[in-house]
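Here is a chain to work through by question and answer. Keep the sequence and the 3D view open as you read.

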Amino acid sequence: MTRSQDLARRATVVLCVTAALMGPGNLAGASVGTTAVGLSPRPGALVYIANLHSDTVSVVDTGTGTGTGTVVDSVPVGDGPDSVAVSPDGSRVYVTNSASDTVSVIDARTRTVIATVAVGDEPSRVTVSPDNRNVYVANVGSDNVSVISTRTRAVTETIAVGDAPLGVAVAPDGCTLYVANAASGTVSVVRTATGTVTDTIPVGSGPTALVLTPDGRRMYVSNLTSDDVSVVDVHDGTETDRIPVGDQPAGIGVLPDGRQVYVANIGSDNVSVISTRGRAVTETVAVGDGPNGLAVSPDGSLVYVSNFDSDTLSVIDTSTARVANTVTVGDGPTGVAAVQGKAGTARGPNTARVQLA
């Protein structure tokens with residue numbers, strides 16, 4: 001079964017279940033991120049890719065700023081690794097294992113798993129707070145978010161959100177967590193200090209991943225089953241626009257200057273480039289088969305895309321909107337995260353494989 005076929009099957013299951021719960025005429029949406037974590041194209045820069053079918057995380061050394069890359073290591077983790085996030089200081093890598101309901105904690109220096117944390121049912125996405133104190137894990141099977149203390153490596157809180165939570169992103173100030181709910185067609189707004197949901201924002205059908213602009217004023221949400229991207233005014237908590245993109249949009253990332261948004265379209269094997277000013281697609285970049293995870297470099301020069309069905313990582317040069325290099329990784333690559341230097345700085349949320357059931 002291809003990645004596209006699997007996603008279509010999962011989307012149908014979620015939509016049917018939701019329709020049964022809500023009754024005729026009230027069909028809700030279904031939906032995953034990570035956002036993506038950015039990577040600077042400098043010597044020693046590393047990209048981490050979760051490989052769902054091989055239960056590993058590939059470590060890619062990007063070399064110089066040319067976009068070249070080499071797999072330098074493969075780290076065994078739990079069953080069904082789905083998404084990846086890197087701590088702000090680059091010292092820890094967090095991996096959600098969707099089939100074993102755990103999160104693997106990797107020491108970036110030794111590239112070994114130093115802890116395994118039990119979380120909710122079918123963890124699908126992960127992100128780290130800007131202050132490096134907490135890790136947030138969206139559990140699609142239990143409709144909640146697990147909060148892990150980075151100090152104790154234990155779950156300190158469980159937050160109930162919408163149905164089938166997938167995408168997660170933290171505001172630049174760390175005060176707010178945003179969660180895309182697959183089967184609800186909504187985004188939950190969580191106050192991190194209290195762990196309470198303060199607002200619920202309706203978006204498109206099947207929100208899969210979400211990303212905030214660098215200034216934190218706008219949020220872009222990829223909607224898997226309506227083939228578009230929602231533009232949300234964070235201050236007002238409302239959807240202000242809907243931008244059509246490719247087939248089954250998943251991974252999403254914004255450039256550091258906030259002028260462009262990149263979206264990986266699983267069903268059409270390409271990446272849509274959106275102008276945030278014009279709120280329209282300006283370029284479409286062909287990549288590998290089943291693109292899903294996506295990461296943007298801090299300087300905005302490169303975009304990294306994991307291709308689930310071709311077991312590769314595409315490297316896009318944003319100055320030309322063309323693929324500069326393709327790197328073979330593990331089996332079924334999903335979530336992508338990156339960090340600059342041996343103990344560099346990670347940025348942004350994490351996007352990963354869409355998982356709807």
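Q: How many of the six residues of strand β20 are buried?
A: This is a predicted model. Strand β20 spans residues 249–254 and is largely enclosed by the rest of the structure. A residue counts as buried under 20% relative accessible area. In β20 that holds for six of the six residues.

Q: Which residue in β21 is the bridge partner of Ile252?
A: Strand β20 is joined to strand β21, residues 260–265, by four bridges. The two strands run antiparallel. In β21, Ile252 has as its bridge partner Val263.

Q: Which residue takes a positive phi in the hairpin of β20 and β21?
A: Five residues lie between the two strands of this hairpin. One residue there has a phi near 75°. That residue is Gly258.

Q: Is Val47 buried or exposed?
A: Val47 sits in strand β1, residues 46–51. Its C-alpha atom is 9.8 Å from that of Val86, 39 residues apart along the chain. The relative accessible area of Val47 is 0%, under the 20% cut-off. Therefore Val47 is buried.

Q: Which element gives the most residues to the largest nonpolar core?
A: This core has 15 residues, and Tyr48, Val57, Val84, Val86, Val93, Val95 and Ile106 touch the most other members. Two or more residues come from each of β1, β2 (56–61), β4 (81–86), β5 (92–97) and β28 (333–339). With three residues, the top contributor is β1.

Q: Which residues does Val93 touch, not counting residues up to four places away in sequence?
A: Val93 is among the core residues that touch the most other members. Its contacts include Tyr48, Val84, Val86 and Ile106. The others are Ala85, Ser104, Val105 and Ala108.

Q: Which are the edge strands of the open sheet in the order β4-β5-β6-β7?
A: The four strands of this sheet pair in the antiparallel sense. An edge strand pairs on one side only. The edge strands are β4 and β7 (112–118).

Q: Which residue in β7 stands opposite Thr102?
A: Strand β6 covers residues 102–107. It pairs with β7 over six bridges, antiparallel. Opposite Thr102 stands Ala118.

Q: What is the N to O distance in the salt bridge of Arg111 and Asp73?
A: The pair links distant parts of the chain, 38 residues apart. Arg111 is in the loop between β6 and β7, and Asp73 is in strand β3, residues 70–76. Arg111 is partly exposed at 25% relative accessibility, and Asp73 is partly exposed at 29%. Their side chains meet at 3.8 Å.

Q: Which residue forms a salt bridge with Asp241?
A: Asp241 is in strand β19, residues 238–244, and its partner lies in the loop between β22 (270–275) and β23 (280–286). The closest N and O atoms are 3.9 Å apart. Asp241 is partly exposed at 27% relative accessibility. The partner is Arg279.

Q: Asp131 or Arg133: which is exposed?
A: These two form a salt bridge, with the closest N and O atoms 4.0 Å apart. Asp131 has 48% relative accessibility and counts as partly exposed. At 59%, the exposed residue is Arg133.

Q: How many salt bridges does the structure hold?
A: Some of the charged residues form a network of salt bridges. Its members are Asp228, Glu239 and Arg242. For the structure, the count is eight.

Key:
Residues numbered from 1 in each chain as written. Predicted model: local features only at pLDDT ≥ 70, side-chain atom pairs only at ≥ 80, totals over all residues. Heavy atoms only, no water. Buried < 20%, exposed > 50% of the residue type's maximum accessible area, 1.4 Å probe, protein only. Core = buried A, V, L, I, M, F, W, Y, C linked by side-chain atoms within 4.5 Å. Contact = heavy atoms within 4.5 Å. Pairing = 2+ DSSP bridges.
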